Amino acid sequence: MLTLVQDTREQAKKHDHVLKHFQAEGIKVVRSKLYVGDYTRLDKQDICIDTKKDLQEVYGNIILHNVRFKTECIRAKEAGIQLVILIADEHIRDVNEVHTWVNPRLRKWENVRAAQEKGKLLNVKLSPKPPVSSEQLQRAMETMGERYGVQWQFCPKEDTGKRILEILGC
């Protein structure tokens, strides 16, 4: 029986749909602290998958918490682990399409700024600099792929379990 390892830092119940898919496929899952990522095979840990619920989470990892995420990417590369970032998204299929994503942080910033220029929402604190655009996020993701060998993959949320198994060669 094939066994996968799920990182213990992965929030409980966050990926129940993934675990149900594994169970339906007859795959055992054990929880243990992983060196990088959220999922890997117990018998072959040269590929690890870090799941992201959406591009908002990727934005937070790359733009807001860059040092921690970059450190994980470097650790994976130095250990000879292929780190695959699997992002649940209904519309984006490839990193080359990230520029089409509408960043809700940027949209909110633009709306508040426009309102403040009209004398409204003046009590809302607004950064003088807007959030990073989707084009900038795409370039940052591409750079991380080039520098650290990170692979960016996308799938609809309901296909996450299936894609994890495909990536891990199960």
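## Legends to close-up views

**Figure 1. Phe69 counts as buried, because its relative accessibility is 4%.** The model is predicted. Trp152 is buried as well, with a relative accessible area of 11%. Both values fall below the limit for the term, since buried means under 20% relative accessible area. The partnership of these two residues is taken up at the end of Figure 2.

**Figure 2. Aromatic pairs in the structure number two.** One of them is formed by Phe22 and Tyr39, in an edge-to-face arrangement with 5.9 Å from centre to centre and 80° between the planes. This pair links distant parts of the chain, as Phe22 belongs to helix α1 (residues 16-24) and Tyr39 to strand β3 (residues 39-41), 17 residues apart. Phe22 and Tyr39 are both buried. Phe69 and Trp152 also form an aromatic pair, described as tilted, with centres 6.2 Å apart and planes at 35°. Phe69 is part of helix α3 (residues 66-78) and Trp152 is part of strand β6 (residues 151-155), so this pair ties together parts of the chain that are 83 residues apart in sequence.

**Figure 3. The charged end of Arg75 sits over the ring of Tyr35.** The distance from the charged end of Arg75 to the centre of the Tyr35 ring is 5.3 Å.

**Figure 4. Asp7 and Arg9 form a salt bridge through their side chains.** The distance from N to O in this bridge is 2.8 Å. Is Asp7 buried or exposed? Asp7 counts as buried, because its relative accessibility is 2%. Arg9, the partner in the bridge, is partly exposed at 48% relative accessibility. The view therefore joins a buried acidic residue, Asp7, to a partly exposed basic one, Arg9. In general, side chains of opposite charge can pair when their charged atoms come close.

**Figure 5. Two further salt bridges are those of Asp46 with Lys44 and of Lys53 with Asp54.** In the bridge between Asp46 and Lys44, the N to O distance is 3.3 Å. Asp46 has a relative accessibility of 33% and so counts as partly exposed. Lys44 is also partly exposed, with a relative accessible area of 45%. In the bridge between Lys53 and Asp54, N and O lie 3.5 Å apart. Here Lys53 counts as exposed, because its relative accessibility is 52% and the term applies over 50%. Asp54 is partly exposed, with a relative accessible area of 22%. How many salt bridges does a search of the whole structure find? The search finds seven, and the bridges shown in Figures 4 and 5 are among them.

**Figure 6. His99 lies in the loop between β5 (82-88) and α4 (104-117).** The residue counts as partly exposed, because its relative accessibility is 37%. Which residues does His99 contact, leaving aside neighbours within four places in sequence? The contacts of His99 are Ser134, Glu135 and Gln138. His99 and Gln138 are separated by 39 residues in sequence, while their C-alpha atoms are 5.9 Å apart in space. A polar atom of the His99 side chain lies 3.0 Å from the backbone oxygen of Asn96.

**Figure 7. Val124 is placed in the loop between α4 and α5 (134-148).** At 29% relative accessibility, Val124 counts as partly exposed. When residues up to four places away in sequence are not counted, Val124 touches Val112 and Gln116. Arg113 is eleven residues from Val124 along the chain, and the C-alpha atoms of Val124 and Arg113 are 9.5 Å apart.

**Figure 8. The whole chain, as context for the close-up views, has six helices and six strands.** Along the sequence, these elements follow the pattern β-α-β-β-β-α-α-β-α-α-β-α. The C-alpha atoms fill a box of roughly 65 × 35 × 25 Å along the principal axes. Of the 170 residues in the chain, 42% are buried. Among contacts between residues at least 6 apart in sequence, 78% join residues at least 24 apart. The chain has an accessible surface of about 9800 Å², and carbon and sulfur atoms account for 49% of that surface.

Technical notes:
Residues numbered from 1 in each chain as written. Predicted model: local features only at pLDDT ≥ 70, side-chain atom pairs only at ≥ 80, totals over all residues. Heavy atoms only, no water. Buried < 20%, exposed > 50% of the residue type's maximum accessible area, 1.4 Å probe, protein only. Phe/Tyr/Trp six-rings, centres within 6.5 Å; stacked < 30°, edge-to-face > 60°. Helix = DSSP H or I, 4+ residues; strand = E, 2+ residues; numbered from the N terminus. Lys NZ or Arg CZ within 6 Å of the ring centre and 35° of its normal. Contact = heavy atoms within 4.5 Å. Polar contact = N/O pair within 3.5 Å; in protein donor to acceptor, adjacent residues only side chain to side chain. Areas by Shrake-Rupley, 256 points an atom, 1.4 Å probe, with all protein chains shown as cover.
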